[in-house]
Amino acid sequence: MSGASADAGPPGLPVANGRETVREVWRLSRGYRLRLAATGLLGIVSTGVDLIVPAAIGFLVDRVQTGTADLATVLAVTAVMALSAVVGAAGTALTIVLATRVYHAVLAALRERLVGHAMTLPQHLVERAGTGDLISRSSDDVTAVADAAPAVIPVLTVTAFTIVVSLGGLAALEWPYAAAFAVVLPVYALAVRWYLRVGPGVYRAERTAMSARAQQILESQRGYATVLGFGLAEQRHRAVMADSWRVARQSLRARTVLSMLNARLNLGECLSLAAVLVVGFVLIGHGASTVGGATTAMLLVLRLLGPVNRLLLVIDTLQSALASLSRMIGVVTIPSGPPDVPARATNTAVRLDGVSFRYGEDPRVLDDLTLGIPSGQRVAVVGVSGAGKTTLAGVIAGTHLPETGKVTRPARTAMITQEVHVFAGTLRDNLTLAAPGATDRDLRAALEATGAAALLDALPDRLDTLLGVGGHPLTDAQAQRLALARLLLADADLVILDEATAEAGSTDAGQLDRAADAVLAGRTAVVVAHRLSQAATCDRIMVMEHGRVIETGTHAELVDAGGVYAGLWSAWEAAR
């Protein structure tokens, strides 16, 4: 698989190479190949009919030159040209329609596979690449490939058949004409070779830069409250601006490459016309061709140059679409399961042995961490910002794969972060995502257990009320209760709450903590605590600092010890 250029930003999901792209498209086209063959045959026939027009014009030129043209001949030839033009145009149009239908059918199959496969990707891979990369591939890249159809398919379809049939017509007319045009073909071949060598990398870099920018914008929007709360607006603005300039630089490179291609095409066009004119002059001078024959040859070359130039010009669009296509296929070729599946506990205990983790080339966030959580124990993780609490939660949940060490956890593990999501759909749909077989009674029980019974009563259509984008709005506290109810329905052995109730106001905090208690009852749990009052109710507390656990014990033990936790608790009590 090929990667992005150094200027394209951080590494994302893999990109398929040419062979992988062709193989996947060929596989997806299964069931359409007979239609493709029929489309090709129709294209050859319709393009062959188009040869009648230049041949008829050459015939008339010779009759006029010899003085044997009469009105009947002119009318007959004109009628033949008109009929051939209509038949050729109709055949070409039908060819384009059939090709476009196949194209969109294959694209639809690829889009469905992309979205379906994305849901099975190892979460650590998506986390490392950034959700912006995946969203960009399933939206921007799909759009780029779909938008290329109206511009590329007609030109690609017509040009392919026109080149083959017209060169055959030139050779049938007089082989030197075909040879004259063939001599100039290396100019076009070199132009295409240069473009195919330079263009794909440029367009991949442009698309990757767009993904990085999308990731920056998405992170800023998702963490809007945090950005404002910590005064990070200027920092995020600079990050988005830097990625936007990177996109601008890559786009400028792509436009420069296109301009250089145009210069090569203009040279090829001039040389082609000049070569055929010279050959025609020589052949006519030696009596080997007629003026009408030279006219036919020139018209055939002009018919060739138009589609060839249009094809090479839409290579710009084609390369952009191919770059997007290779990024889409890069997703579907990723193995579904994680490459290194962690060991599964026979009970609900959690164990980390010598675990270290870092983001990219950054310093380690977790450093040689060893700890155990017995079955059924509720453990709170506390510490100052940057201590590694969220990273530890991600490693335990399996969203991050450790750089070194081993993680053992229950098979059924569930995690909620403070960025809970309300899906577009009914309340019932939002809940049954976690338990597809749950009955309405099960759903109501889960809502009641998490304190959301009032929410159910307030909704106009109760379980059938539409939520999410365009639906009934929910407050942050209501969305968190919904996520807790979904977690309860999932019935996981290990539950991880990463500041899952941190966004609640003082009015809702106590209620949400009680709802969380109902979800965690009887389960092994890891709670990244934003409020120390929540940590105080846990069976054990782990205090983190610089990626290590520096204190562990019950709330009373740690307060009596007078260490870091005691200081945090004192500050917390004073601020209440």
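**Notes on a predicted model: backbone, surface and cores**

1. His-546 sits in the loop that runs between β11 (540–545) and β12 (548–553), and in this predicted model the residue has a positive phi of about 55 degrees although it is not a glycine. With a relative accessible area of 67%, His-546 is exposed, because a residue counts as exposed when that value is over 50%.

2. A positive phi is also found at Asp-368, where the angle is near 50 degrees in a residue other than glycine. Asp-368, however, belongs to strand β3 (residues 364–373), and its relative accessible area of 45% makes it partly exposed.

3. On the surface, Val-278, Phe-281 and Val-282 make a nonpolar patch of about 330 Å². Phe-281 lies in helix α9 (residues 233–285), and at 68% relative accessibility this residue counts as exposed. As background, nonpolar side chains in soluble globular proteins tend to be buried together.

4. Turning to the interior, the largest nonpolar core holds 45 residues, of which Val-382, Leu-427, Leu-431, Leu-447, Leu-497, Ile-541 and Tyr-565 touch the most other members. The element that gives the most to this core is helix α15 (residues 476–490), which supplies eight residues. Apart from this core lies another, of 32 residues, including Leu-51, Val-184, Tyr-195 and Val-308.

5. Leu-431 deserves a separate look: leaving aside residues up to four places away in sequence, Leu-431 touches Leu-443, Leu-447, Leu-463, Leu-482, Ala-485, Arg-486 and Leu-489.

Notes
Residues are numbered from 1 along each chain as its sequence is written. This is a predicted model: local features need pLDDT of at least 70, side-chain atom pairs count only at pLDDT 80 or more; totals for chains, interfaces and linings use all residues. Side-chain values use heavy atoms; hydrogens and water are left out. A nonpolar core is a set of buried Ala, Val, Leu, Ile, Met, Phe, Trp, Tyr and Cys residues joined through side-chain atoms within 4.5 Å. Buried means under 20% relative accessible area, exposed over 50%, partly exposed in between (1.4 Å probe, protein chains only). Helices (H or I, at least four residues) and strands (E, at least two) are DSSP runs, numbered from the N terminus. Contact means heavy atoms within 4.5 Å. Patches are made of residues with over 30% relative accessible area and no salt bridge: like charges are joined within 9 Å, nonpolar side chains (Val, Leu, Ile, Met, Phe, Trp, Tyr) within 5 Å. Accessible areas come from the Shrake-Rupley method with a 1.4 Å probe; for residues, only the protein chains shown count as cover. A salt bridge is a side-chain nitrogen of Lys or Arg within 4 Å of a carboxyl oxygen of Asp or Glu.
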